[in-house]
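Reader: I should like to learn how to read the overall fold, the internal cavities and a buried side chain in a structural model. Would you take me through them in turn?

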Amino acid sequence: MTNPSSCAERLSSSAGSVVFDADVLVLGGGPAGTWAAISAAEHGARVVLADKGFCGTSGATAAAGTGVWYVDPAPERREAAMASREKLGGHLQDRRWMARVLDRTYAQSNQLADWGYPYPVDEDGKPQRNSLQGPEYMRLMRKRTKQAGVTILDHSPALELLVDGSGVVAGATGLRRQKGDRWTVNAKAVVIATGGCAFLSKTLGSNVLTGDGYLLAAEAGAEFTSMEFSNAYAISPAFGSVTKTLFYSWASFTDEQGSVIPGASSKGGRSVIARALRKGPVYAQLDEADAETQKHMRVSQPNFFLPFDRTGIDPFTQRFPITLRLEGTVRGTGGLRIVDDSCATTVPGLYAAGDAATRELICGGFTGGGSHNAAWAMSSGYWAGQGAAGFARQLGVTAGRQVIRRGTVGLRSRSGRPLQGDALAQSVQGEVFPYELNYFREAGRLGESLRRLDALWSDASVADAPDEQGLLRAREAAAMLATARWMYRSALARQESRGMHRRDDYPEQDDRYRHYVSTGGLDDVWTSARPLPSPHYAEAAE
Amino acid sequence: MIEVIDTERCTACDICFNVCPTNVFDKTDRIPRIARQSDCQTCFLCELYCPEDALFVSPFADTPQQLDVAALKEAAVLGSYRRAVGWTDESRHLRDADRSYRLFGH
């Protein structure tokens, strides 16, 4: 419970800024961020959590319902859970990480039950803990974060990281956009839990996810991995935002004339839908759901039905137009590279959790919505918070250390032309939304796109800082741009099809690419191959 | 996108201003204003958090709509999402009604 003496200290709130002193700063207030903040506080740290939106509603989970990779500890169940997804993920997972995530997720889910999360109970009276309702879950997480003594800054997007003279992360600074001033948190360790990047595609709840944390971390020198696994697209009504691809397992897909599109399916046939959408409208109808299933769908996922109920469409008996919205690295598996069990990154004092961190360790090259990602948010959040608290404790007294601001693009003035965030964001969308560029990849098209993206970067990196109103969008657009370049450079480096990464010019999986692809850099983006760490895997490859 | 703040029901509690993840609303002396509608990501969360059922989010994510507020109230559409997830007194029993576990594995 709250112990005032253990709270982060508000140093000043002079005109134009507010300054805090903390042990751990968590950026992002979704599942990973809240778990990290609670964990850091439980491990003795004074914690500040800064969320771009409102901790409790922002992020991909809050708006949705999500499965959770929660598996009973019986060895045969755990074995089956790990084995079932290895092929799908292109055999890039690490069994040791899968096992520890299953253990940690089991513990955290049960913790949620103790905290009062209303898990459903099945016909046999057994609680079912393998799914969560986003609004309910995140409302509870906000409450528990506050009760842990964490200082929450809502509507407080981070703009740049602070580091000390030896490159150790020393906090961050950002905007309080509803108060019209700035915040600075001097901290001994920082957890990046800002989610992935969905490129403002309006996939449900994901418009806050613009890769901001990636950009901050890259500016401090952090590395990424598996960024080529970033071409997830979700099915939604063409006019709407609600992406719930699971429910389309019960759908039939038809063209303008009403003819069934051969091979179209939510699982294993989404590329057929993408190809059909390039030719004309595609319609879906959930005509394979029986009355019982329909009932379960309604109570499980009320928001799925809002677009239909509010437009007078019965999705079970009527056709409706659909589209595929880009989920980018949110349902991808790439992100900040994790270097040890505490979810440390390559930058001292900087930790990563949730979708901002790589999920290659448990998903390889493929995830779906929720499930593994939700389990990863709980687990990596817990470890990152613990790791950051430990790092802060070890660092000891840091009073008086000099800190340097590490932000670059959009924050300095050099050219006399302010960075136009909205226009830049649209240009980036033009390179990552089209199925022929991102869904179906090919060296020539990727190369052309990268040339355009690199040119955008050259312009953006010398542009002036926009005014306060335009600053956040400018940084978001810059983060989207940087993310697109890491994605496509990595995609070029993987000359095969594996996991969700599809190459028209290399349609088969190729054993020579059974490694990870690291990437990073801002002005010059680099990639390099990294071997799989798992001894289990080395044996299997022999 | 968010389309409606019903002036009769809104009590200017500013919860929508606080909870909107993309900062679509501005505070005013009276009821909040939809200031940046194009930033709305159509997540329905402002509507869910509104204790007075004063908000309506249209399901159209990309195009603004013209809506008849009286008709929406007549049809009891305002607040329908809150009721469906069990966030009203009369629908509390729905909070643990999740049957997702029956749908997985299809």
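Author: The discussion below moves from chain A as a whole to the cavities and then to a single residue. Please keep in mind throughout that this is a predicted model.

Reader: How does one judge the overall form of chain A, and what radius of gyration does chain A have?

Author: The general idea is to set the radius of gyration beside the value expected of a compact globule with that number of residues. For 542 residues that value would be near 24 Å, and chain A has 22 Å, which agrees. Along the principal axes, the C-alpha atoms of chain A fill a box of roughly 70 × 60 × 55 Å.

Reader: Which secondary structure elements does chain A hold, and how many of each?

Author: Chain A has 15 helices and 21 strands. Two further values describe how the chain is packed. Of its 542 residues, 64% are buried, where buried means a relative accessible area under 20%. Among contacts in chain A between residues at least 6 apart in sequence, 73% join residues at least 24 apart.

Reader: How many cavities of 30 Å³ or more are there, and how should I read one?

Author: A cavity is space where a probe fits but cannot get out. The structure holds four of 30 Å³ or more, and the largest contains about 140 Å³ of space. Its lining comprises 18 residues, and those closest to its centre are A:Gln133, A:Pro135, A:Val299, A:Pro302 and B:Val85.

Reader: Which helices contribute to that lining, and what is its chemical character?

Author: At least two lining residues come from each of helix H4 (134-147) and helix H8 (302-309) of chain A, and helix H4 (80-84) of chain B. By class, the lining of the largest cavity has 11 nonpolar, four polar and three charged residues.

Reader: What lines the second largest cavity?

Author: That cavity holds about 90 Å³ of space. Among its 14 lining residues, B:Cys10, B:Cys13, B:Asp14, B:Cys16 and B:Cys50 lie nearest the centre. The lining of the second largest cavity divides into 11 nonpolar, one polar and two charged residues.

Reader: Is B:Glu47 buried or exposed, and what surrounds B:Glu47?

Author: One first consults the relative accessible area. For B:Glu47 the value is 2%, so the residue is buried. B:Glu47 belongs to helix H2 (residues 45-49) of chain B, and its side chain reaches the backbone nitrogen of B:Val57 at 2.9 Å. Leaving aside residues up to four places away in sequence, B:Glu47 touches A:Arg310, B:Leu55, B:Phe56, B:Val57, B:Gly79, B:Tyr81 and B:Arg82.

Conventions. Residues are numbered from 1 along each chain as its sequence is written. Chains are lettered from A and ligands numbered from 1 in the order in which they are written. This is a predicted model: local features need pLDDT of at least 70, side-chain atom pairs count only at pLDDT 80 or more; totals for chains, interfaces and linings use all residues. Side-chain values use heavy atoms; hydrogens and water are left out. On a 1 Å grid over the protein atoms alone, a cavity is a set of points where a 1.4 Å probe fits but cannot get out, and a pocket is an open set with protein on both sides within 12 Å along at least five of seven lines; lining residues have an atom within 4 Å of a point. Grid points are joined across faces, edges and corners, and a volume is the space filled by probe spheres set on the points. Helices (H or I, at least four residues) and strands (E, at least two) are DSSP runs, numbered from the N terminus. Ala, Val, Leu, Ile, Met, Phe, Trp, Tyr, Cys and Pro count as nonpolar, Asp, Glu, Lys and Arg as charged, and the others, Gly among them, as polar. Buried means under 20% relative accessible area, exposed over 50%, partly exposed in between (1.4 Å probe, protein chains only). A polar contact is a pair of N or O atoms within 3.5 Å; within protein, one must be able to donate a hydrogen and the other to accept it, and residues adjacent in sequence count only if both atoms are side-chain atoms. Contact means heavy atoms within 4.5 Å. The radius of gyration is taken over C-alpha atoms; the globule rule is 2.2 Å times the number of residues to the power 0.38.
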